[in-house]
Amino acid sequence: MTIKGKAYIAGIYEHPTRHAPDKSIAQLHAEVAKGAIEDAGLSKDDIDGYFLSGDAPGGTWPMVDYLGLKVRHIDSTDTGGSSYIIQLGHAAEAIAAGKCSVALITLAGKPRTSHTPPRAPGAEADFETAYGATTHNAYGMCAMRHMHDYGTTSEQLAWIKVAASHHAQYNPHAMLKEVVTVEDVVNSPMISDPLHRLDCCVVTDGGGALIVTSPEIAKSLKKPLVRLIGHSEAMKGPNSGRNLDLTYSAGVWSGPRAFEEAGVTPRDIKYASIYDSFTITVLMQLEDLGFCKKGEGGRFVADGNLISGVGKLPFNTDGGGLCSNHPVNRGGMTKIIEAVRQLRGEAHPKVQVRNCDLAIAHGTGGLLGVRHAASTAILERVQ
Amino acid sequence: MSEKVYPAPVINPETAPFWDAAKAGKLMIKRCTACGEAHYFPRSICPFCFSDQTVWEESSGEATIYTFSLMRKSPTGPYAIAYVTLREGPSLQTNIVDCDLGQLKIGQEVKLVWKQTSGAPLPFFTPA
């Protein structure tokens, strides 16, 4: 069985806020849910499947009750920022199996305003917590080793931020709208070697939501048709200490499986949403997904190759997490939303990819240098 | 800047022998007698072949830096997180301590040092 073509993304909504001290987290979930339902042209009572993750206050029954939903399918998969890309696939599976017909996926939170509680410790905690792994140094360790093994440079990584900033200048909601140069990035303060401040993403309040539905329902609605044709997920950790290799991500497994299911190759992709918690995150995933060979990511991203209208692979045309939005420190949702905008032809005209009929949304969640989950979605516009 | 206080490990039946050995200054890894592979952190069931025939083995405490990242600022000052690869095979997450953190290199040889907590000590590494 395949999910190819079994589910369509009929509704998308990205909250315009980047700072929400005046709202509750549950309220933000409700606002993005309402936005996505209205975008699809549906009503709340049409929702019969709900997908939420660790950012939803109280988890499953409090959120279903708060939103006033009546569902027959629920999924609370939590793989950090990739949760929503994973749940897109899970929603397609549930729809294909007849377990629900209109799935709602929400993400929302306020990391800029209030503290995000830590997750419960795993079996590794006593052997790792004391060493102070954070997002910055965990990704820093990947970048350090990638540079050692492949000669990747800070200037090459900087091109990823430069490309994102070129796109963000056209997004009125972007947190950072200023176009930056390679020099700006490499001269910004070092946070955790070799990552500078401008190698990092923004921290924002806000959220987003999706409506995923069956082909029949999608075709009865008014939005351009965007369907999921390939999907996969994978996880990677330090492998119990054996053959440690931090230069690749679990995308090496999720990517090829998703492409195989879709029956397309990286060369066919017109637009790429790639999770960009840090510049190194993008570079490693481009390699792992097969857009270039392992170790050649630095050369691939240099000279504006990721800038829409300039390079071969337009990426994160909303400005991405690096410049626009990274709600709840979980970037997967906005990756899907911008891919759908591109496929609908609803991206900003300055960054809209012409004849964009095939896109990828890919992300990782957790810490790339410690333990993480990757998910890849291949999306297609249907004429 | 406050003095660095490391959290005491919460000892459970599976890991108690590791922490008992740590109190005696010994870094223990687990080796599977079925597949021969060593792993870290220690588990009762081998994460490679799923055999329950795992045994404790003392590490030499000699290692090389696989990768590291120097966090420039924190409430307790700069610190260097790292993965080091033990001579016996497994790699583990740690900090490199008690040295000029600006001089660290991938491939550098390091050796085990212990840092005290209110419970069992924790393994760290310093240039050899």
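H5(A) and H10(A) are oblique to each other, an angle class that lies outside roughly parallel (under 35 degrees), roughly antiparallel (over 145) and roughly perpendicular (65 to 115). The model is predicted: local features need pLDDT of at least 70, side-chain atom pairs count only at pLDDT 80 or more, and totals for chains, interfaces and linings use all residues. Residues are numbered from 1 along each chain as its sequence is written, while chains are lettered from A and ligands numbered from 1 in the order in which they are written. Helices (H or I, at least four residues) and strands (E, at least two) are DSSP runs, numbered from the N terminus.

**Packing of H5(A) and H10(A)**

- The axes of H5(A) and helix H10 (residues 279-288) of chain A are 9 Å apart, at an angle of about 55°; axes are lines fitted to C-alpha atoms, for helices over the stretch in contact, and angles run from 0 to 180 degrees between N-to-C directions.
- The two helices H5(A) and H10(A) cross in a left-handed sense, that is, with the near helix turned anticlockwise from the far one by less than a right angle, clockwise being right-handed.
- From H5(A), Tyr139(A), Cys142(A), Ala143(A) and His146(A) meet Ile280(A), Thr281(A) and Met284(A) of H10(A); contact requires C-beta atoms, placed from the backbone, to lie within 7 Å.
- Five nonpolar, two polar and no charged residues make up the contact of H5(A) with H10(A), where Ala, Val, Leu, Ile, Met, Phe, Trp, Tyr, Cys and Pro count as nonpolar, Asp, Glu, Lys and Arg as charged, and the others, Gly among them, as polar.

**Packing of H3(A) and H13(A)**

- Helix H3 (residues 83-96) of chain A packs with H13(A) at an angle of about 60°, the axes being 6 Å apart, and the pair is therefore oblique.
- Ser83(A), Tyr84(A), Ile85(A) and Leu88(A) of H3(A) make this contact with Gly332(A), Met333(A), Lys335(A) and Ile336(A) of H13(A).
- By class, the contact of H3(A) with H13(A) holds five nonpolar residues, two polar and one charged.

**Nonpolar core**

- The largest nonpolar core has 148 residues, of which Ala36(A), Leu88(A), Val212(A) and Ile336(A) touch the most other members; such a core is a set of buried Ala, Val, Leu, Ile, Met, Phe, Trp, Tyr and Cys residues joined through C-beta atoms within 7 Å.
- Beyond its neighbours within four places in sequence, Val212(A) contacts Ala7(A), Ile9(A), Leu88(A), Ala91(A), Ala92(A), Ile95(A), Ala103(A) and Ile105(A).
- In soluble globular proteins, nonpolar side chains tend to be buried together.

**Contact of chain A with chain B**

- Chain A gives 26 residues to the contact and chain B gives 32 residues.
- On the side of chain A that touches chain B, the elements giving two or more residues are helix H4 (125-128), helix H5 (135-150) and strand E5 (190-192) of chain A.
- H5(A) supplies the largest share of that side, seven residues.
- The side of chain A that touches chain B comprises 11 nonpolar, nine polar and six charged residues.

**Individual residues of chain A**

- Thr364(A), which lies in strand E10 of chain A, counts as buried with 31 C-beta neighbours inside 10 Å; the cut-offs are 20 or more other C-beta atoms within 10 Å for buried, 12 or fewer for exposed, and in between for partly exposed, with C-beta atoms placed from the backbone.
- Setting aside residues up to four places away in sequence, Thr364(A) touches ten residues' worth of partners including Gly81(A), Ser249(A), Tyr275(A), Thr281(A) and His372(A).- The C-alpha atoms of Thr364(A) and Asp276(A) are separated by 9.1 Å, although the two are 88 residues apart along the chain.
- Glu346(A), in the loop between helix H13 (332-344) and strand E10 (358-366) of chain A, is partly exposed, with 14 other C-beta atoms within 10 Å.
- From C-alpha to C-alpha, Glu346(A) and Glu93(A) are 27 Å apart in space and 253 residues apart in sequence.

**Backbone geometry**

- Asp193(A) and Pro194(A) are joined by a cis peptide bond with omega of about 0°, and Pro194(A) lies in the loop between E5 and strand E6 (195-196) of chain A.
- A cis peptide bond also runs from Tyr40(B) to Phe41(B), with omega near -5°; Phe41(B) is placed in the loop between strand E2 (38-39) and strand E3 (54-58) of chain B.
- Asn243(A), a residue other than glycine, has a positive phi near 45°; Asn243(A) lies in the loop between strand E8 (225-236) and helix H9 (251-262) of chain A and counts as exposed with 11 C-beta neighbours inside 10 Å.
- Phe50(B), which is not a glycine, has a positive phi of about 65°; Phe50(B) is found in the loop between E2 and E3 of chain B and counts as exposed with 10 C-beta neighbours inside 10 Å.

Methods. Two residues are in contact if their C-beta atoms, placed from the backbone, lie within 7 Å.
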